[in-house]
Amino acid sequence: MLTGMQIAVIGGDARQLEIIRKLTELDARLSLIGFEQLDHAFTGAVKEKMDEVDFSNMDAMILPVAGTNLEGQVETIFSDEKVFLTEEILSKTPEHCTIFSGISNAYLNGITKQTKKNLVQLFARDDVAIYNSIPTVEGTIMMAIQHTDFTIHGSNVAILGLGRCGMSLARAFHTLGAKVKVGARKTEHLARITEMGVTPFYLNDLQKEVGDTDILINTIPYLIVNAEVISKMPVQTLIIDIASKPGGTDFRYAEKRGIKALLAPSLPGIVAPKTAGQILADVLSQLLHELYAKRKEKE
Ligand code: NAP
């Protein structure tokens, strides 16, 4: 149980509701910031505005998966008000207050460093990223079906990157009967791709490999699907770029060539917010229990 623990949940989408549900069940006291338009009420959770919250006894803050933008704004689906997380707010929290986010950026790194706060990026954890790859794959399949007039079965699918998502995508599209090839830069990844029964290629050869691609799925957060690569693709190729914003595709050039290229962020939050929220809620409750135990030890 997390009885007496004071936690601020700041912004986010439907995934946050699973986190709120779980933490209230565990008896934590929650301040919900950026949730005024949420009809549902949770026992033990109070909807508040940023300037009404007493941060002096806050044990933890939970941000949405994206954290903040580069100006410090936190995305709030359940509010029309703009919510910002600032250095000033963090400096009002006690020393032990831990900040949880999915991913981070220069702004969030900067304010947590300045205020000496512990920032935990949940998506840096392999377990979270691997579980999260399951709804990500389902969302990618949904997009492939919605934006093509041919079956995945029998189509030529190129996947870029063999990370947590790339591996799950390769396996799923292979199982659906696509002719899958996966591009990577490490020899051990090429070996793993071969072992998985799909076709490996070096990313250096990307331009040569895309001439017959029906669907290209990029997972690499770096401009890899550049104009040279796009110029070698058939015009009917569908590009689905799931890498974090701004993706790894030259979207301007793709549009110029008449190639449909889609940046597809937050797929788990779109196709399976409940599951995606439960994945985060489970790991958060484990981490908060550890914090709680440490705090009790000190008392
Ligand atoms: P990951 O495990 O870190 O995999 C990233 C892959 O990119 C690795 O194969 C890595 O290869 C490769 N890579 C990185 N930089 C590269 C470079 N400069 N050149 C060539 N290859 C490079 O990440 P993940 O968990 O699979 O997630 C992939 C991306 O999708 C991330 O940006 C993540 O934020 C995003 N994501 C999006 C959604 C969504 O809904 N759209 C969902 C989950 C994740 P090496 O091992 O060789 O570095």
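Biologist: Between which strand and which helix is the loop that holds Ser266?

Modeller: This is a predicted model: local features need pLDDT of at least 70, side-chain atom pairs count only at pLDDT 80 or more, and totals for chains, interfaces and linings use all residues. Residues are numbered from 1 along each chain as its sequence is written, and side-chain values use heavy atoms, with hydrogens and water left out. Helices (H or I, at least four residues) and strands (E, at least two) are DSSP runs, numbered from the N terminus. The loop with Ser266 runs between strand E14 (260–263) and H10.

Biologist: What is the phi of Ser266?

Modeller: Most residues other than glycine have a negative phi. Ser266 is not a glycine, yet its phi is positive, at about 50°.

Biologist: And what is the relative accessible area of Ser266?

Modeller: Let's set the scale: buried means under 20% relative accessible area, exposed over 50%, and partly exposed in between, with a 1.4 Å probe and protein chains only. Ser266 counts as partly exposed because its relative accessible area is 41%.

Biologist: Which other residue, in the loop between helix H3 and strand E8, has a place worth a look?

Modeller: Helix H3 covers 106–114 and strand E8 covers 118–121. The residue to find there has a positive phi of about 55° although it is not a glycine. It counts as exposed because its relative accessibility is 71%. The residue in this loop is Lys116.

Biologist: Which two residues does a cis peptide bond join?

Modeller: Most peptide bonds are trans. Here is a cis one, with omega about 10°. Its proline lies in the loop between strand E13 (238–241) and helix H9 (251–257). The bond joins Lys245 and Pro246.

Biologist: Let's move to the ligand. Which residues around the ligand come nearest?

Modeller: A residue is near a molecule if one of its heavy atoms lies within 4 Å of it. There are 23 residues around the ligand. By class, this shell has 12 nonpolar, eight polar and three charged residues. Those that come nearest are Arg164, Cys165, Arg185, Ala264 and Leu267.

Biologist: How many Å² does the ligand expose when taken alone, and what percentage does the protein bury?

Modeller: Start with polar atoms: an oxygen atom of the ligand is 2.8 Å from an N or O atom in the side chain of Arg185, and a ligand nitrogen atom lies 3.0 Å from a polar backbone atom of Ile242. Areas come from the Shrake-Rupley method with a 1.4 Å probe; for residues, only the protein chains shown count as cover. Taken alone, the ligand exposes 910 Å², and the share the protein buries is 79%.

Biologist: Which helices each supply at least two residues of the shell around the ligand?

Modeller: One of them spans 126–146, another 164–175 and another 267–271. In order, these are H4, H5 and H10.

Biologist: Which residues is Thr140 in contact with, leaving aside its neighbours within four places in sequence?

Modeller: Thr140 lies in helix H4. This threonine counts as buried because its relative accessibility is 0%. Contact means heavy atoms within 4.5 Å. Its partners are Leu169, Phe173, Ile217, Ile240, Ile242 and Leu267.

Biologist: Which element gives the most to the largest nonpolar core?

Modeller: A nonpolar core is a set of buried Ala, Val, Leu, Ile, Met, Phe, Trp, Tyr and Cys residues joined through side-chain atoms within 4.5 Å. The largest one has 34 residues, and Ile7, Leu23, Leu30, Phe100, Leu122 and Leu288 have the most contacts inside it. Among the elements that each supply at least two residues are strand E1 (6–10), helix H1 (15–25) and strand E2 (29–33). With nine residues, the one that gives the most is H11.

Biologist: How many residues are in the second, separate core?

Modeller: Leu162, Ala172, Val198 and Leu267 are included in this second core. Its residue total is 28.

Biologist: What distance separates the C-alpha atoms of Val9 and Ala60?

Modeller: Val9 is found in strand E1 and counts as buried because its relative accessible area is 0%. Val9 and Ala60 are 51 residues apart along the chain. In space, their C-alpha atoms are separated by 8.6 Å.

Biologist: Last one: how far is the backbone oxygen of Ala144 from a polar side-chain atom of Thr148?

Modeller: Thr148 sits in the loop between H4 and strand E9 (156–160), and it counts as buried because its relative accessible area is 15%. A polar contact is a pair of N or O atoms within 3.5 Å; within protein, one must be able to donate a hydrogen and the other to accept it, and residues adjacent in sequence count only if both atoms are side-chain atoms. The side chain of Thr148 reaches the backbone oxygen of Phe150 at 3.4 Å. From the backbone oxygen of Ala144, the distance is 2.6 Å.

Conventions: Ala, Val, Leu, Ile, Met, Phe, Trp, Tyr, Cys and Pro count as nonpolar, Asp, Glu, Lys and Arg as charged, and the others, Gly among them, as polar.
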